[in-house]
Amino acid sequence: MVFTKFFVAIALVAVLVPSTSATDFMVGDDKGWTTNFDYQKWAEGKEFHVGDRLVFKYPQGAHDVLRVNGTVFQQCLKPADVPPLNSGNDVIPLATPGKKWYICGVAKHCEEGNQKLTITVWPEAGSPQGLPAPNPTPTSSARASISSAFYALTVALATVSGVIMV
Ligand SMILES: *[C@@H]1O[C@H](CO)[C@@H](O)[C@H](O)[C@H]1NC(C)=O
């Protein structure tokens, strides 16, 4: 019984974890959103998924955040049709997959301070149409070993009770 509960708990964890792993990414970590920071390096090795959020933190008034396209990003333009986020604690939910571009629109922070970030957002972790399903194998092999463990347990119990019966 103890073993059964244990395996059920493991099975629940294996099933639930992938769909509840939405992450808040603090852009620049403890440096926040600022000039002269390598945001591409920061983004390297991170996996962004639909449902995650980016948090841009900075002293209000010092910077802002513009959500732009690749052209604007490359050239550090300041498009008039893009309303800046400027609360100093701007939370951007990643709602759709694909490439995303963010720049600071204050002074020459983008062109001279390299204050720009581009990321690729993958479909929701655990979603069936997921492009790079992050780790489908551990889940299924976990399930497989759970059922073989159950089988072994059943056989063991049957054997034990058989022995006792005889
Ligand atoms: C990029 O954004 C700018 C400003 O919002 C816009 O004028 C331009 O048409 C956009 N370019 C593309 C390829 O969408």
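**Group meeting: a walk through the model**

Okay, let's start with the overall numbers: the chain has 166 residues, and 18% of them count as buried. Keep in mind as we go that this is a predicted model. As for contacts, take the ones between residues at least 6 apart in sequence: 72% of those join residues at least 24 apart.

So what is the chain built from? We have four helices and seven strands. If you read from the N terminus, the elements go α-β-α-β-β-β-α-β-β-β-α.

Let's do the sheets. One is an open sheet of three strands, ordered β1-β3-β5, and its pairing is mixed. The edges are β1, residues 24-26, and β5, residues 89-93; each has a single partner strand, so one side of each is left without a neighbour in the sheet. From one strand to the next, the twist averages 20°. Within this sheet, β3, which is residues 53-57, runs antiparallel to β5, and five bridges join the two. If you want a pair to click on, Phe 56 has Asp 90 in β5 as its bridge partner. Hold on to Phe 56, we'll be back to that residue.

The other one is an open sheet of four strands, again with mixed pairing, and here the order is β2-β7-β6-β4. Its edge strands are β2 and β4, each pairing on one side only. Let me walk across. β2, just residues 48-49, pairs with β7 in the parallel sense, over two bridges. There you can find Phe 48 standing opposite Val 121 of β7. Next step over, β6 and β7 run antiparallel and are joined by six bridges. Then β4 pairs with β6, antiparallel too, over three bridges. Trp 101 is a handy landmark here. On the β7 side, the bridge partner of Trp 101 is Thr 118; on the β4 side, Val 68 has Trp 101 as its bridge partner in β6. And for anyone who hasn't looked at sheets in a while, strands pair through backbone hydrogen bonds, either parallel or antiparallel.

Now, the inside. Which residues of the largest nonpolar core touch the most other members? In this core of 18 residues, they are Val 27, Phe 56, Val 65 and Ile 103. So there's Phe 56 again, the one whose bridge partner is Asp 90. Strands feed into this core as well: β3, β4 (66-68), β6 (98-103) and β7 (116-122) each supply at least two of its residues. Val 27 is a good one to zoom in on. Skipping residues up to four places away in sequence, Val 27 touches Trp 33, Tyr 39, Leu 54, Val 55, Phe 56 and Leu 117.

Leu 117 takes us to helix α2, residues 39-43, where we find Ala 43. Neighbours within four places aside, Ala 43 is in contact with Leu 117 and Ile 119. Ala 43 and Val 27 are 16 residues apart along the chain, and their C-alpha atoms are separated by 8.4 Å. Is Ala 43 buried or exposed? It's in between: Ala 43 has 17 other C-beta atoms within 10 Å, so it's partly exposed, given that buried takes 20 or more.

On to the ligand. Which residues are around it? They are Asn 69, Thr 71, Val 72, Pro 79, Asp 81 and Val 82. By class, that shell has three nonpolar, two polar and one charged. Asn 69 is in the loop between β4 and α3, with α3 covering 70-75. With 13 C-beta neighbours inside 10 Å, Asn 69 counts as partly exposed. Asn 69 and Ile 103, the latter one of those well-connected core residues, are 34 residues apart along the chain, with their C-alpha atoms separated by 9.8 Å.

Last thing, some backbone angles. Most residues other than glycine have a negative phi. Asn 36 has a positive one, near 55°, and sits in the loop between β1 and α2. Asn 36 is exposed, with 10 other C-beta atoms within 10 Å. Ala 107 also has a positive phi, near 40°, and lies in the loop between β6 and β7. Ala 107 has 13 C-beta neighbours inside 10 Å and so counts as partly exposed.

Okay, that's my tour.

Key: Residues are numbered from 1 along each chain as its sequence is written. This is a predicted model: local features need pLDDT of at least 70, side-chain atom pairs count only at pLDDT 80 or more; totals for chains, interfaces and linings use all residues. A residue is buried if 20 or more other C-beta atoms lie within 10 Å of its own, exposed if 12 or fewer, and partly exposed in between; C-beta atoms are placed from the backbone. Two residues are in contact if their C-beta atoms, placed from the backbone, lie within 7 Å. Two strands pair if DSSP finds at least two bridges between them. Axes are lines fitted to C-alpha atoms, for helices over the stretch in contact, and angles run from 0 to 180 degrees between N-to-C directions. A residue is near a molecule or strand if its C-beta atom, placed from the backbone, lies within 6 Å of it. Ala, Val, Leu, Ile, Met, Phe, Trp, Tyr, Cys and Pro count as nonpolar, Asp, Glu, Lys and Arg as charged, and the others, Gly among them, as polar. A nonpolar core is a set of buried Ala, Val, Leu, Ile, Met, Phe, Trp, Tyr and Cys residues joined through C-beta atoms within 7 Å.
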